[in-house]
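These are my notebook entries on one structure. I set out to look up charged pairs, one helix and the aromatic rings.

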Amino acid sequence: MSPSQNARVILLTGPSGSGKSSLAARTGLPVLRLDDFYKEGDDPTLPELPSGIGTDWDSPLSWNADAAVAAVTELCATGRTSVPVYEISSSSITGRAAVDLGGAPLFIAEGIFAAEIVARCAEPGLLADAICLSRGAVTTARRRFVRDLREGRKSVTFLLRRGWMLMRAERGIVARHAALGARVCGRDAALERIRAAHRQPVPVEA
């Protein structure tokens, strides 16, 4: 990437377990993992569940949107940035990692809260597209449980309780992402939109 050429971002969102990470990897584009911008478990600003017992990790308030936007902005401007490495099982940041676009003019930023920053990326001209991946509540719930169990993200009891809640809430989650500016797509349509964005020329500053 030349000093005068900026990259753009495709924001890829969707319910937890909808296949965002595997779709992003399939494109071959550089990927920024937005879930690494979760707040740590001892952060006093974390939202509580409606029951008042435990943290609501599915609320956007459990996520550091300002830090995510700063990373996207730096990647678009310079092609590289430093990001936290987040361990979901312990709800903590365990280190830092470098993300380098390697000269790519386009990258994907994926995570369950990606739609929350659509407007903030669109306003300065950083946004190439915003996509909400939707696979259906039952399919998503099955994929989510298998993944979370394999990765040991939380206890089985927690995963079952959260999975049931998210399956019932999925329609509303997708509707919120759409209202925030993400185009709702299945896997094949999402891939086609990403390929189309990749074919578009990237604006060069005068």
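Entry 1, salt bridges. The model I worked from is predicted. In what kind of contact do the side chains of R120 and D66 meet? I found a salt bridge, with 3.0 Å from N to O. I then noted where the partners sit: R120 belongs to helix α3 (residues 118-122) and D66 to helix α2 (residues 65-78). The two are 54 residues apart, and the pair thus links distant parts of the chain. I looked up accessibility as well. R120 counts as partly exposed because its relative accessibility is 39%, a value between the limits of 20% and 50%. D66, at 51%, counts as exposed.

I searched the whole structure for further pairs of this kind, and the search returned six salt bridges. I recorded two more of them in detail.

One of these joins R80 and D100, whose closest N and O atoms are 3.7 Å apart. R80 is in strand β3 (residues 80-87) and D100 in strand β4 (residues 92-100), so this salt bridge ties together parts of the chain 20 residues apart in sequence. I noted R80 as partly exposed, at 47% relative accessibility, and D100 likewise as partly exposed, at 48%.

The other joins E116 and R176, with 2.9 Å between the closest N and O atoms. E116 lies in the loop between β5 (106-110) and α3, while R176 lies in helix α5 (residues 156-179), so parts 60 residues apart in sequence are tied together. E116 has a relative accessible area of 24% and is partly exposed. R176 is also partly exposed, at 42% relative accessibility.

Entry 2, helix α1. I asked which residues of helix α1 (residues 20-27) are buried. They are K20, L23 and A24. These three cover an arc of only 100° around the axis, so they lie on the same side of α1. I recalled the reason for such spacing: an α-helix has 3.6 residues a turn, so residues three or four places apart point the same way. On the face turned away from the buried side, I found the exposed residues A25 and R26.

Next I asked what the buried residues of α1 pack against. The list is β1 (8-13), β2 (31-33), β5, β6 (127-133) and α6 (187-199). I also checked what follows the helix: G28 comes after α1 and has a positive phi, near 80°.

Entry 3, aromatic rings. I counted four aromatic pairs. Y38 and W57 form one of them, edge-to-face, with 5.7 Å centre to centre and 80° between the planes. Both residues are in the loop between β2 and α2, 19 residues apart. I noted that both Y38 and W57 are buried.

Y38 also pairs with Y86; here the centres are 5.7 Å apart and the planes differ by 35°, which makes the pair tilted. Y86 is in strand β3, and the pair spans 48 residues of the chain. Why does Y38 count as buried? Its relative accessibility is 8%, and the limit for buried is under 20%. Y86 is buried as well, with a relative accessible area of 8%.

Finally, I traced how the ring pairs connect. They link Y38, W57, W63, Y86 and F113 into a cluster.

Notes:
Residues numbered from 1 in each chain as written. Predicted model: local features only at pLDDT ≥ 70, side-chain atom pairs only at ≥ 80, totals over all residues. Heavy atoms only, no water. Salt bridge = Lys/Arg side-chain N within 4 Å of Asp/Glu carboxyl O. Helix = DSSP H or I, 4+ residues; strand = E, 2+ residues; numbered from the N terminus. Buried < 20%, exposed > 50% of the residue type's maximum accessible area, 1.4 Å probe, protein only. Arc of directions from axis to C-beta. Contact = heavy atoms within 4.5 Å. Phe/Tyr/Trp six-rings, centres within 6.5 Å; stacked < 30°, edge-to-face > 60°.
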